[in-house]
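Hello,

Here is the structure I promised to pass on to you. Have a look at it first, and then read on for what turned up in it.

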Amino acid sequence: MDYKYDVIVVGAGHAGCEAAVAAASLGSKTLLITMNLALVAQMSCNPAIGGVAKGQIVREIDALGGMTGIVTDRSTVQFRMLGRSKGPAMWSPRAQCDKTQFSLHWREVLEHTPNLYLRQDTVVSLLFENDRLSGVVTQLNRNIYARKVILTSGTFLNGRIHVGEVNFSGGRMGEPASFQVSDQLKAAGISTNKLKTGTPVRIDGRTIAFSKMTCQPGDDVPAKFSFSNTSSVKDQLPCWITYTNPEVHDILKMGFQFSPLFHGRIQGVGPRYCPSIEDKIVRFSDKSQHQLFLEPEGRDTIEYYLNGFSSSLPEDVQVEAMHHIPGLEKAEILRPGYAIEYDYFDPTQLHYTMESKVIPNLYLAGQVNGTTGYEEAACQGLMAGINAHLSIQNKSPFILQRSQAYIGVLIDDLITKGVQDPYRMFTSRAEYRILLRQDNADYRLTPLGHRIGLIPDTRYKTFEHKYQQQQLLLDYLQSQLTRLPLYNPMLGRKNLSPLVHNVKLSQLLLRPQINIQDLIQCDDQLSEFISTHQITAEQIINVETYIKYENYIQKEEQLVQKFSQLDHIKISPDFDYYSLSSISMESREKLSKAKPHNLGQASRISGVSPSDIAALMIHLRNNNM
C-alpha cells in the first residue's frame with residue numbers, strides 16, 4: 001500500500017487540533033481534514049477554557065506538550081482561579097477567551113507545525129482495502145491513504161438542530177452535518193447512540209443594561225495556563241451576574257408545549273451537570289431563581305454569551321423570558337439558543353490508546369466518545385495523536401494512570417464505565433485529587449512529555465531549573481529555625497499563641513492561619529534568600545502548598561501503591577469469564593463485554609462487585625494466570 005500520510009485526522013475541533021499537532025510534532029506526516037478551515041477550534045458553546053477539574057486537564061495538556069494552554073493564554077480576556085476558598089486540590093484555573101482570537105491562534109499553530117498538512121473537505125466514508133482501514137474518501141471523491149485515522153467529528157455525525165418545533169440537520173448552527181461515516185461504523189459493529197447538548201442565546205451588548213447587574217472582574221493578579229513563557233492577560237474584561245425570577249420561569253413554562261425536549265422529538269440524553277434552563281426549572285422547581293453569567297465573546301465584538309440560559313424552546317419564548325431578566329429588558333439577540341442531537345460511539349469499545357477495539361488503526365477522540373467540553377475533547381485528541389504515532393513506530397503505547405493525571409481518570413472512566421449522559425470531568429471523579437493539583441501538573445507530566453518527544457530540551461531545562469529552585473526554598477524552610485523576637489509579634493497580631501521555643505519555619509507553616517508571606521514580611525533573611533535565588537511567586541506558593549499538605553500527599557501516595565497492585569495483575573483478553581461460577585452473572589456479562597486488561601480495570605467496571613473481584617483474583621493466582 002502506498003500510504004500518502006501516516007495519520008489522517010478528521011475534524012478540526014479541540015480534539016482534532018491537538019491530535020494533529022501531536023502526531024505531526026512527533027514526526028508523523030499528518031493530514032488534518034475539516035469542513036471549514038476558517039473555523040478551526042471553534043468555541044461552539046461558551047467562550048471559556050478551564051473551570052473546576054477542566055482547568056487541571058488543560059494544565060496537564062500543556063505539561064505534556066499540547067497547545068490548548070498556550071493558545072488560551074494568547075487569547076485570554078479574563079482569568080480567575082476558582083476554588084480559592086478551599087484547599088489547593090480544588091483550585092481550578094478558568095479563562096474567558098476572545099473567541100475569534102482563539103481560533104486564529106490555533107490556525108497559526110496548525111500552519112506552523114512541521115509535517116502537518118491541511119485540507120478543507122468533508123470525509124464521507126472510511127476507506128478499507130483487504131478488510132483493513134487504509135484511509136478516507138472525501139466529498140470531492142478523493143481517496144486519501146494513511147496508516148492511521150483519528151476521527152474527531154464532535155457533534156457533526158448525524159447532527160440535528162432543534163429550536164422549538166423547528167428542526168433541521170446540522171453539526172453547528174450554519175454548518176452541515178455528516179451522515180455516512182456514522183452509519184458505516186455502526187454497520188461495522190461499533191455501538192452507536194445519541195446524546196444532546198445545547199447553547200443559549202447570543203446577545204447584542206449594546207442593548208444590555210449592565211448597571212442592573214453585578215460586575216464579576218478577573219483576579220487582581222491573574223495567573224495563566226501554560227508552564228511555558230506565555231504572558232498573563234492585561235486589561236481584563238469583566239463578566240456580569242444576573243438572575244432569573246418566577247416571572248421568567250412562568251414564561252418559559254408557557255413554551256413547554258412546543259419543547260422538543262419534553263415531547264420526544266429529542267431522543268438523545270442531555271448533560272446532567274449543565275442542563276437547559278427549561279430542564280432546570282422542572283428539576284429544581286423549588287428554586288425561585290437561577291444564577292446567570294453574561295460573558296463577552298471577545299474584545300472587538302458586541303456579542304455576549306448568556307451562560308446558564310441554554311434552551312431549545314421557540315425563539316419568541318426565549319426572547320420574552322429573557323426580557324424579564326434584570327438588565328436584559330431591552331436586549332436584542334444575535335442568535336437564539338438551540339439544542340443539537342448527535343451520534344456518539346460507545347467508549348467501552350476503545351483501548352486505552354483511544355484506538356477502536358472493533359476497527360484496528362481507527363482512533364476516536366472527543367464528543368464522539370460521549371464527552372462534553374472543549375477540555376475533555378482536547379486531552380483525548382492529544383492522547384490519540386501520541387498513540388497513533390507511537391503505534392506507527394512500533395513503540396509502547398502512552399497510557400496515563402488514574403494516579404498520574406485527570407486525563408488518566410477520564411479515559412479510564414470512559415473505557416471501564418461507559419457513558420449514559422455526556423461525560424463531564426469533576427474533581428470528585430479523581431480519588432487522588434490531592435496528588436493531581438493544577439499547580440504540580442508539570443511535575444507529574446513534563447518528564448513524560450519530554451521522554452516521548454513533545455517537550456523540547458530548552459523547555460525541559462527550564463522545568464528542571466524551576467524545581468531545583470523550589471527544592472532550595474523547601475530545604476531552607478525545613479532547616480531554618482524561627483527567631484522568637486521576630487515571629488512572636490507577628491503571631492500576636494494574628495491573635496495566635498506565641499512560640500515557647502524556636503521551631504523550623506516549615507513547622508510554623510503548618511498552622512492554617514499562617515502563610516509564607518507572613519514569614520517573608522517578618523524575616524529579612526528569608527526575604528533575602530528568595531530574592532537572591534530569584535524564586536518566583538508561583539514557586540513560593542507551590543512550596544507552601546507542599547509543606548501544608550505533605551502528610552495528606554504521603555497518605556495518597558501510599559494508597560496509590562496499595563491499589564496499583566491490582567493493575568499489575570494482568571488478565572488475558574480471551575479469558576472465559578462465563579467459566580467462573582463463583583462470580584455473579586451480571587459481572588460475567590460485563591467483564592466479557594469490557595475485556596479488562598488487568599484486575600484494577602476490572603474493579604472499576606460498574607456492576608462488578610468487590611466480592612467478584614476477590615473471587616477473580618483468587619482464581620488468577622491459583623491458576624498462575
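Two strands count as paired if DSSP finds at least two bridges between them. With that in hand, strand β19 is a good place to begin, though please keep in mind throughout that this is a predicted model.

**Strand β19 and its partners**

Strand β19 covers residues 338–345. On one side, strand β10 (residues 160–163) is joined to β19 by three bridges, and the two run antiparallel. Within that pairing, Ile 161 has Ile 340 of β19 as its bridge partner. Strand β12 (residues 192–199) is also antiparallel to β19, and here eight bridges make the connection. One of the residues involved is Thr 192, whose bridge partner in β19 is Phe 345.

How many of the residues in β19 are buried? The count is eight of its eight residues. Both faces of the strand are covered. Tyr 338, Ile 340, Tyr 342 and Tyr 344 are buried on one side, while Ala 339, Glu 341, Asp 343 and Phe 345 are buried on the other. You will notice that Glu 341 and Asp 343 are in that second group.

**Another set of strands**

Further antiparallel pairing is found between strand β15 (residues 239–243) and strand β16 (residues 291–296), over four bridges. There, Ile 241 is matched with Phe 293 in β16. β16 also pairs with strand β17 (residues 303–307), again in the antiparallel sense and over four bridges. Leu 294 stands opposite Leu 306 of β17, and a hairpin of six residues leads from β16 to β17.

**The nonpolar core**

The largest nonpolar core has 108 residues. Which of them touch the most other members? They are Trp 106, Leu 362 and Ile 407. Helix α9 (residues 374–392) is the element that gives the most to this core, with eleven residues.

Leu 362 is worth clicking on. Setting aside residues up to four places away in sequence, Leu 362 touches Leu 126, Leu 133, Val 149, Leu 151, Leu 185, Ile 190 and Met 354, and also Glu 355 and Ser 356.

**Two buried residues in helices**

Gln 318 sits in helix α8 (residues 315–322). Is this residue buried or exposed? Its relative accessible area is 0%, and buried means under 20%, so Gln 318 is buried. Beyond its neighbours within four places in sequence, Gln 318 is in contact with Val 163, Val 201, Phe 309, Ser 311, Ser 312, Leu 313, Pro 336 and Gly 337.

Leu 508 belongs to helix α14 (residues 505–508). With a relative accessibility of 2%, Leu 508 counts as buried too. Leaving out residues up to four places away in sequence, Leu 508 touches Thr 482, Tyr 487, Leu 491, Leu 499, Val 503, Ile 514 and Leu 519. For a sense of distance, Leu 508 and Gly 198 are 50 Å apart, C-alpha to C-alpha, and 310 residues apart in sequence.

**Two positive phi angles**

Most residues other than glycine have a negative phi. Asn 115 has a positive phi of about 75 degrees although it is not a glycine. Asn 115 is in the loop between α4 (99–111) and β6 (116–120), and is partly exposed at 34% relative accessible area. Asp 235 also has a positive phi, near 55 degrees. Asp 235 lies in the loop between β14 (214–216) and β15, and with a relative accessible area of 65% this residue is exposed.

**The second largest pocket**

Last comes a pocket. The second largest one holds about 1,200 Å³ of space. Its lining is made of 44 residues, and those nearest its centre are Ala 537, Glu 538, Gln 539, Ile 541 and Asn 542. Three elements give two or more residues to this lining: α11 (441–452), α12 (457–479) and α17 (537–567). Which of them supplies the largest share? That is α17, with eleven residues. By class, the lining of the second largest pocket has 15 nonpolar, 17 polar and twelve charged residues.

Happy browsing, and all the best.

Definitions and conventions. Residues are numbered from 1 along each chain as its sequence is written. This is a predicted model: local features need pLDDT of at least 70, side-chain atom pairs count only at pLDDT 80 or more; totals for chains, interfaces and linings use all residues. Side-chain values use heavy atoms; hydrogens and water are left out. On a 1 Å grid over the protein atoms alone, a cavity is a set of points where a 1.4 Å probe fits but cannot get out, and a pocket is an open set with protein on both sides within 12 Å along at least five of seven lines; lining residues have an atom within 4 Å of a point. Grid points are joined across faces, edges and corners, and a volume is the space filled by probe spheres set on the points. Ala, Val, Leu, Ile, Met, Phe, Trp, Tyr, Cys and Pro count as nonpolar, Asp, Glu, Lys and Arg as charged, and the others, Gly among them, as polar. A nonpolar core is a set of buried Ala, Val, Leu, Ile, Met, Phe, Trp, Tyr and Cys residues joined through side-chain atoms within 4.5 Å. Buried means under 20% relative accessible area, exposed over 50%, partly exposed in between (1.4 Å probe, protein chains only). Contact means heavy atoms within 4.5 Å.
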